[in-house]
Amino acid sequence: MSMSDEDKRQEAALEPFFEDARRQVPDASARLMARVLQDAEAAQALQGGRAVARPAAPLRLWGRLRQGLGGWPAMAGLGVAGLAGVWIGLALPATLPGLAPGAGDYLVDVAPGLVLETGGGF
Amino acid sequence: MPLDAHDDLSDEDLLDAFARGDRAAARALTLRLTPRVLAHAARLLGNRAEAEDVAQEAMLRLWRQAPRWRAGEARVTTWLYRVVANLCIDRQRRLRRGPVALDAVPEPPDPAPAAPARMQDRARAEALQAALAGLPARQRQAVVLRHIEGCANPEIAAIMETTVEAVESLTTRGRRALFAALAARKEELGYVDE
């Protein structure tokens, strides 16, 4: 809406009222200022300096894997289980203890035609 | 950091310092912004006591917003004017009563007996406030932002969440209504045409 001459005249006539109003800013009472400052300090204490901070960065692959498996406790359990597996593999005797003599009699060759090429004359 | 060290900082920088736990920034922002927020609320509501409550609530919302404030997105005052206007609208809806002109007039800065000039200032302020109170809420908000707070039209459009054209229309209609209410009182209030 463009201003007509009449609108301009009216604006000029009102300007002294506006000018006075601009000069007369109400005094904020000491009580109000104290209340506002108290709120500010309480908010700072609660927020602890950006405690409500920005959103966390997106997880990388390793982070997503860790989270998918159930976090650090699950990862620790997985590590222990892995190490136990390695130890069992290395410490296993040539024949399994407790395997009764003659137990091989119960073995069934499910593919008699299949000969494994193991090489080396074995 | 001493309080004077904050005088040169923008509102946005102060708010950033506030969010990092700077207590002097909290004081500087309180001193700088509370009177402005109070004045704006008083002009929109026409009631000093209600305006104080609105000012405190608006500042509280600013403190809570501080950690999430994104630099460069908006000016702090633009955001505050919008919050104040929304709070005033809520309050007026709740109270279901019109603005009261007299309470909005600023108190004299000292308790000295009112000199004639001061009485005239007060009469002028009351006359303007009464005329503003007669305007529809959006016109009053636009006129106050433009002519008393000194905001430019694009900023007013951002505060009022409307277009610059709509702001121009609101201020023009508001001024016409104010002129109709005040022109006859110019002489009585001591304004002399040059």
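Are B:W69 and B:W79 buried or exposed? Both are buried, as the close-ups of this predicted model let you see.

**View 1. Two tryptophans, B:W69 and B:W79, meet edge-to-face.** Across all chains, the structure has 2 aromatic pairs. In the one shown here, the ring centres sit 5.9 Å apart and the planes are at 80 degrees, so we call the pair edge-to-face. B:W69 comes from the loop between helix 3 and helix 4 of chain B, while B:W79 belongs to helix 4 of chain B, so the pair ties together parts that are 10 residues apart in sequence.

**View 2. A:Q47 reaches a backbone oxygen of chain B.** Look for A:Q47 in helix 2 of chain A. A:Q47 has a relative accessible area of just 6%, so it counts as buried. A polar atom of its side chain lies 3.0 Å from the backbone oxygen of B:W63.

**View 3. Helix 1 of chain B packs against helices from both chains.** This helix covers residues 11-19, and its buried residues are B:D11, B:L14, B:L15, B:A17, B:F18 and B:A19. They pack against helix 2 of chain A, plus helix 2 (23-45), helix 3 (48-65) and helix 4 (76-95) of chain B. Just past the end of helix 1, you'll find B:G21 with a positive phi of about 95 degrees.

**View 4. Confidence varies along chain A.** The chain averages a pLDDT of 71, and 50% of its residues score at least 70. Helix 2 (residues 30-47) has the highest mean, 95, and helix 3 (residues 61-69) the lowest, 58. Over residues 51-59 the pLDDT is below 50, and this stretch makes 5 contacts in the model beyond near neighbours in sequence.

Note on methods: Residues numbered from 1 in each chain as written. Chains lettered and ligands numbered in written order. Heavy atoms only, no water. pLDDT = per-residue confidence, 0-100. Helix = DSSP H or I, 4+ residues; strand = E, 2+ residues; numbered from the N terminus. Contact = heavy atoms within 4.5 Å. Buried < 20%, exposed > 50% of the residue type's maximum accessible area, 1.4 Å probe, protein only. Polar contact = N/O pair within 3.5 Å; in protein donor to acceptor, adjacent residues only side chain to side chain. Phe/Tyr/Trp six-rings, centres within 6.5 Å; stacked < 30°, edge-to-face > 60°.
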